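Me: I would like to go through a structure feature by feature. Please give the general idea each time, then the case at hand.

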Amino acid sequence: MVTDIIKDIEQEYLKSDIPELSPGDTVKVGVLIREGKKERVQNYEGVVIRIAGHGTSKTVTVRRVFQGVGVERIFLLHSPKVASIKVLRRGDVRQARLYYMRGRSGKAARIREKVGATLPTEPSKKKKGTQAQKPEAPAEPKVPSASTETPSEQPAEATNE
Amino acid sequence: MSFPGLIGKKRGMTQVFSEDGDAIPVTIVELLPLTVTQLKNEQNEGYSAIQVGYQDAKAKHLTQGQQGHLNKNSLPLLRRLKEFRLEESAAGALKAGDTIDPFAEDSILKAGEKITVTGCSIGKGTQGGTKRWGFSRGPMSHGSKSHRIPGSIGPGTTPGRVYKGKKMAGRMGNRKVTVKGLKIFRLLPEKNMALIQGAIPGVEGGFITLKK
């Protein structure tokens, strides 16, 4: 049971800059990776096939097919380790849970684009968050190096700052 | 003076993030100031202790005996009374009516430190041996009918009785449970709340006791 007390405590830990997400959306998630003392952001792109939880424990499951192998990663949306999340494309789907994507490949695995859907104009700005002293800020300058790993995408993250 | 124990209320569990970005499961505990209600000493009671009370109450929630005990020292009506052993020398200048702030400098509560929490576990009613004591169950199929039955409860003619304390089905839960070594994740004095890492026995809204 989620009481007002729990909401009040969680409030401080919630990010305010998370775009509206729905199943079928194609998203790009910036994952904070710590290698020794260095931090960098690695992008992970895929389709949201599930949104679960609420408050600080809200998660999204993002599926992509990588080198012929289906990969699903579950992200704790409000975690400081999720540095950014950006919607690239709105999908038109009828189910809340797109588990049927697991059995599909190739052309069958396409998702129709939602007609008339609007993308969030301003992609996630991390520094705006109500929660201060989160270790997201120092990771920012390293974003351009991370985006070079996926050259297919324009380095939109770098312009976010 | 560092008071040896505190009384609080469990307010539920959630998940928050540490500075490293890890998700930490925490229990929210409400800690209101305590009121000293009685000093016990060697001469009168045979041991020295301090009785404290937690949370204001309405008269209808207390027995006349409880009200009389509190009225004797013209104290406010308090919901929960609890005593902590404390040597007279350590009690210092404490007297009935004093308040103890759980978030004071010298409190046993310090973020990052370990603490022992005692509460009354959630009552589970009558339960079988499988749930209550972790007995293994029998086969569920292949003609077996011994799904969750306890099996033999002891030898035959010798000793001709069942040993005392034999684990059997019965009432489970609703008893005092102590958990040691829980970490205090964060203190929120302005909200009278503390976040303690991990689970704490009891229902939400249940009284708990904290000790060093």
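The turns below take the conventions, the sheets, the interface, the salt bridges and the backbone.

Me: What kind of model is this, and what do local features need?

Reply: This is a predicted model, in which local features need pLDDT of at least 70 and side-chain atom pairs count only at pLDDT 80 or more, while totals for chains, interfaces and linings use all residues. Residues are numbered from 1 along each chain as its sequence is written, chains are lettered from A and ligands numbered from 1 in the order in which they are written, and side-chain values use heavy atoms, with hydrogens and water left out.

Me: How do I read the sheet of chain A, and what is its strand order?

Reply: Strands of a sheet pair through backbone hydrogen bonds, either parallel or antiparallel. Helices (H or I, at least four residues) and strands (E, at least two) are DSSP runs, numbered from the N terminus, and two strands pair if DSSP finds at least two bridges between them. In chain A, five strands form an open sheet in the order S4-S3-S2-S1-S5, with antiparallel pairing. Its edge strands are S4 (69–76) and S5 (82–89) of chain A, each pairing on one side only. The average twist from one strand to the next is 40°. Within chain A, S2 (38–52) and S3 (59–66) pair in the antiparallel sense over five bridges; A:Ala52 has A:Thr59 in S3(A) as its bridge partner.

Me: Which strands make up the sheet of chain B, and is that sheet open or closed?

Reply: The sheet is a closed barrel of six strands, S1-S2-S11-S10-S7-S12 of chain B, with antiparallel pairing. Direction ignored, its neighbouring strands are turned by 50° against each other on average. S2(B) and S11(B) run antiparallel and are joined by five bridges, and B:Ile28 has B:Leu195 in S11(B) as its bridge partner. Helix H1 (4–11) of chain A packs on this sheet and touches S1, S2, S10 and S11 of chain B; the direction of H1(A) makes about 60° with that of S1(B). Such axes are lines fitted to C-alpha atoms, for helices over the stretch in contact, and angles run from 0 to 180 degrees between N-to-C directions.

Me: How many residues does each chain bring to the contact?

Reply: Contact means heavy atoms within 4.5 Å. Chain B brings 20 residues and chain A 18 residues. About 1600 Å² is buried between chain B and chain A, with carbon and sulfur atoms giving 57%; buried area is the accessible area (1.4 Å probe) that two parts lose on being put together, summed over both. B:Gln15, B:Phe17 and B:Lys191 supply 33% of the area that chain B buries against chain A, more than any other three residues.

Me: Which salt bridges should I look at, and how many are there over all chains?

Reply: Side chains of opposite charge can pair when their charged atoms come close. A salt bridge is a side-chain nitrogen of Lys or Arg within 4 Å of a carboxyl oxygen of Asp or Glu. The whole structure has 14 over all chains. Three salt bridges lie between chain B and chain A, including that of B:Arg186 with A:Glu12 (2.8 Å, N to O). In chain A, A:Glu72 forms one with A:Arg102, the closest N and O atoms being 2.8 Å apart. A:Glu72 lies in S4(A) and A:Arg102 in the loop between S5 and helix H2 (143–147) of chain A, so the pair ties together parts that are 30 residues apart in sequence.

Me: Where is the cis peptide bond, and what is the phi of A:Gln67?

Reply: Most residues other than glycine have a negative phi, and most peptide bonds are trans. The bond from B:Thr158 to B:Pro159 is cis, with omega near 5°; B:Pro159 is in the loop between helix H4 (129–133) and strand S9 (170–172) of chain B. A:Gln67 has a positive phi, near 50°, and is found in the loop between S3 and S4 of chain A.
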